[in-house]
Amino acid sequence: MAPRTPTTLPIGAHVDQTDPVAEAQARQAPLVQFFLGDPQDYKGPQVRYAGGAAALKEAAEAAGVDLYVHAPYVINVATTNNRIRIPSRKLLQQHMDAAAEVGAKGLIVHGGHVNKADDPEKGFDNWRKAIEATDIKVPLLIENTAGGDNAMARHLDRIGRVWDAISTAEGFEQVGFCLDTCHAHAGGNALETVVDDVRRITGRIDLVHCNDSRDDFDSGADRHTNFGAGRIDPDLLAAVVRDAGAPVVCETPGGPEEHLADFAWLRERV
Ligand SMILES: [Zn+2]
């Protein structure tokens with residue numbers, strides 16, 4: 001698929017899960033991202049939309065709003081710790097099923113990490129096993145993360161190793177990439193080249209999480225902020241969005257008002 005031109009780039013936001021369609025409409029956004037339940041625990045997904053999953057799917061289709069589901073932060077399918085990896089795989093499948101039920105265009109999951117003393121090789125292989133074990137019903141988008149010494153998807157070389165490992169797994173063609181600008185910057189990846197660098201590895205960027213960063217380059221900190229309020233060069237932020245040519249989710253602070261300001265800021269520059 002050819003990259004979209006800037007004027008047709010869909011831009012939306014991460015929103016509250018109670019009524020994602022209403023949240024999209026409040027922002028005049030063609031897409032939104034949300035959690036299904038509490039992102040910090042291992043309880044299965046919850047659909048808080050009043051009518052349930054099927055009603056949410058129907059309402060989103062009627063409104064022309066694309067839905068993206070962000071998997072819980074606690075999921076870490078890479079870890080060598082069985083007590084985390086096994087429930088993580090289960091939770092990933094549960095969210096995959098629920099994402100499919102609401103008609104989501106993608107399920108976003110963080111790359112995870114292995115423990116400090118672990119051989120990262122184990123983490124790459126655990127990713128392969130996770131892809132093999134998951135019944136992938138909607139595109140699974142692996143997101144780069146900002147911090148950690150033994151992260152799977154902070155540095156480009158590690159992302160490359162994850163991709164090498166999963167490329168032979170059944171279901172791989174349904175695996176994509178979500179590029180987070182705050183995480184790339186804080187993780188120490190040059191935004192000047194990150195789109196090309198990632199594409200060289202993955203062949204695709206399916207979604208951009210566009211966020212400014214409260215922290216410096218390579219700080220390892222994951223604190224998002226509104227555009228122009230952080231440490232990322234505005235032109236670079238816009239260039240990443242433009243070059244990626246993928247739908248954009250702003251995971252920036254605030255409600256409709258702040259997000260509309262962020263969308264306008266971005267549209268002015270891409
Ligand atoms: Zn993100």
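How many of the residues of strand β4 are buried? I will answer that in a moment, after a word on what we are looking at. This is a predicted model, in which local features need pLDDT of at least 70 and side-chain atom pairs count only at pLDDT 80 or more, while totals for chains, interfaces and linings use all residues. Residues are numbered from 1 along each chain as its sequence is written, and side-chain values use heavy atoms, with hydrogens and water left out.

Now to the strand itself. Strand β4, residues 106-110, is mostly covered, since 5 of its 5 residues are buried, where buried means under 20% relative accessible area, exposed means over 50%, and partly exposed lies in between, with a 1.4 Å probe and protein chains only. When I say strand or helix, I mean a DSSP run, numbered from the N terminus, of at least two residues (E) for a strand and at least four (H or I) for a helix. In a regular strand the side chains alternate between the two faces of the sheet. In β4, G106, I108 and H110 are buried on one side, and L107 and V109 are buried on the other.

Let us place β4 among its neighbours. Strand β3, residues 66-70, is joined to β4 by 3 bridges, and the two run parallel; strands count as paired if DSSP finds at least two bridges between them. Within this pair, H70 stands opposite I108. The wider picture is a closed barrel of 8 strands with parallel pairing, in the order β1-β2-β3-β4-β5-β6-β7-β10. Neighbouring strands of this sheet are turned by 25° against each other on average, direction ignored, with axes being lines fitted to C-alpha atoms (for helices over the stretch in contact) and angles running from 0 to 180 degrees between N-to-C directions.

Further round, strand β6 (residues 175-180) pairs with strand β7 (residues 207-210) in the parallel sense over 3 bridges, and there L179 has V208 as its bridge partner.

This brings us to the zinc ion. Its protein donors are E143 (OE), D180 (OD), H209 (ND1) and E251 (OE), lying 2.1 to 2.2 Å from it, where donors are N, O and S atoms within 2.8 Å of the metal (3.2 Å for Na, K and Ca), and sites may look incomplete as water is not among the atoms. The arrangement is irregular because the 4 donor atoms subtend angles of 85 to 170°, whereas a tetrahedral call needs all angles of four donors between 85 and 135 degrees; four count as square planar and six as octahedral if opposite donors are over 155 degrees apart and all others between 65 and 115, and anything else is irregular. H209 lies in β7 and E251 in the loop between β10 (248-250) and α9 (256-269), so this pair ties together parts that are 42 residues apart in sequence.

H209 is buried at 0% relative accessibility, and E251 is buried with a relative accessible area of 13%. The two side chains make a polar contact at 3.0 Å, a term for a pair of N or O atoms within 3.5 Å, where within protein one must be able to donate a hydrogen and the other to accept it, and residues adjacent in sequence count only if both atoms are side-chain atoms. Leaving aside neighbours within four places in sequence, H209 is also in contact (heavy atoms within 4.5 Å) with residues including H70, I108 and T181.

Finally, T181 is in helix α6, residues 181-187, and is buried at 0% relative accessibility.
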